[in-house]
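Colleague: I've got this one open on my screen and would like to go through it with you. Mind if I fire off some questions?

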Amino acid sequence: MTTSETSARRRTARLSAARGAAGTVCALLVLSAALTGCGSDSGDDKGAPASAESSPSTEPSTASPTPTKPSASPSPTPVKPMKPSSPAELQACADGSCTVVVKKGTELPRAESLRAGPFAVTAVSAEGVDLRSVDATGFASNLLGQHPDQGGPSTVNELSIEVLAIAGDTAKLRLFPAK
């Protein structure tokens with residue numbers, strides 16, 4: 001074997017040994033960085049690893065925790081029923097545009113121009129307002145469980161009915177032409 005071949009073999013052996021040790025060190029550094037990043041309590045949850053300088057404090061905190069009272073849920077305010085609309089006020093709904101207070105048994109007249117009604121209020125409670133309509137052809141419409149926060153009015157033919165409020169056994173309704 002020549003001197004140059006022996007030198008080349010020694011160099012290759014040293015490089016292999018160095019690469020092996022460097023590879024192990026790199027692998028350990030990557031693992032360490034990954035584990036450090038997982039324990040980050042930087043407050044922002046953006047997934048960025050914590051800096052290498054941050055480490056948990058071993059000193060006890062001087063701030064004492066403040067006991068918190070459980071927040072008392074507000075007790076429901078007793079709601080007084082509203083005064084139901086008079087027959088004359090209810091009759092104003094015949095044109096399809098009115099705001100009235102109803103209770104179970106209230107009859108709303110037919111809105112002829114909007115092809116809807118007449119309507120009978122069949123229930124008013126905390127669960128909602130139920131309305132029933134049977135038109136001249138015998139077609140029945142039932143609006144069940146209507147309530148103020150349902151996301152919008154209900155529509156029968158060209159008439160929209162919106163529940164504005166429910167108080168006890170009464171409800172405030174707004175009737176208006178559908179768009």
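Colleague: Which residue does the disulfide join to Cys93?

Modeller: Keep in mind that this is a predicted model. A disulfide here needs two cysteine sulfur atoms within 2.5 Å, and the count by that rule comes to one. The S to S distance is 1.9 Å, and the partner of Cys93 is Cys98.

Colleague: Is that disulfide right-handed or left-handed, and why?

Modeller: Look at the torsion about the S-S bond of Cys93 and Cys98. That torsion is about 95 degrees, so the disulfide is right-handed.

Colleague: Are Cys93 and Cys98 buried or exposed?

Modeller: The cut-off for buried is under 20% relative accessible area, while exposed means over 50%. By that measure, both Cys93 and Cys98 are buried.

Colleague: Now the sheet: which strands are the edge strands?

Modeller: It's an open sheet of four strands with antiparallel pairing, in the order S1-S8-S7-S6. An edge strand pairs on one side only, and that fits 98-103 and 154-156. So the edge strands, named, are S1 and S6.

Colleague: And what is the bridge partner of Thr155 in S7?

Modeller: S6 and S7 (residues 159-167) run antiparallel, with three bridges joining them. In S7, Thr155 has as its bridge partner Ser160.

Colleague: Last one: which residue lies over the face of Phe176?

Modeller: It isn't an aromatic pair, since searching the whole structure gives zero of those. What lies over the Phe176 face, at 3.9 Å from the ring centre, is Arg174.

Notes
Residues are numbered from 1 along each chain as its sequence is written. This is a predicted model: local features need pLDDT of at least 70, side-chain atom pairs count only at pLDDT 80 or more; totals for chains, interfaces and linings use all residues. Side-chain values use heavy atoms; hydrogens and water are left out. Buried means under 20% relative accessible area, exposed over 50%, partly exposed in between (1.4 Å probe, protein chains only). Two strands pair if DSSP finds at least two bridges between them. Helices (H or I, at least four residues) and strands (E, at least two) are DSSP runs, numbered from the N terminus. Rings of Phe, Tyr and Trp (its six-membered ring) pair if their centres lie within 6.5 Å; planes under 30 degrees apart count as stacked, over 60 as edge-to-face and the rest as tilted. A charge sits over a ring if NZ of Lys or CZ of Arg is within 6 Å of the ring centre and within 35 degrees of the ring normal.
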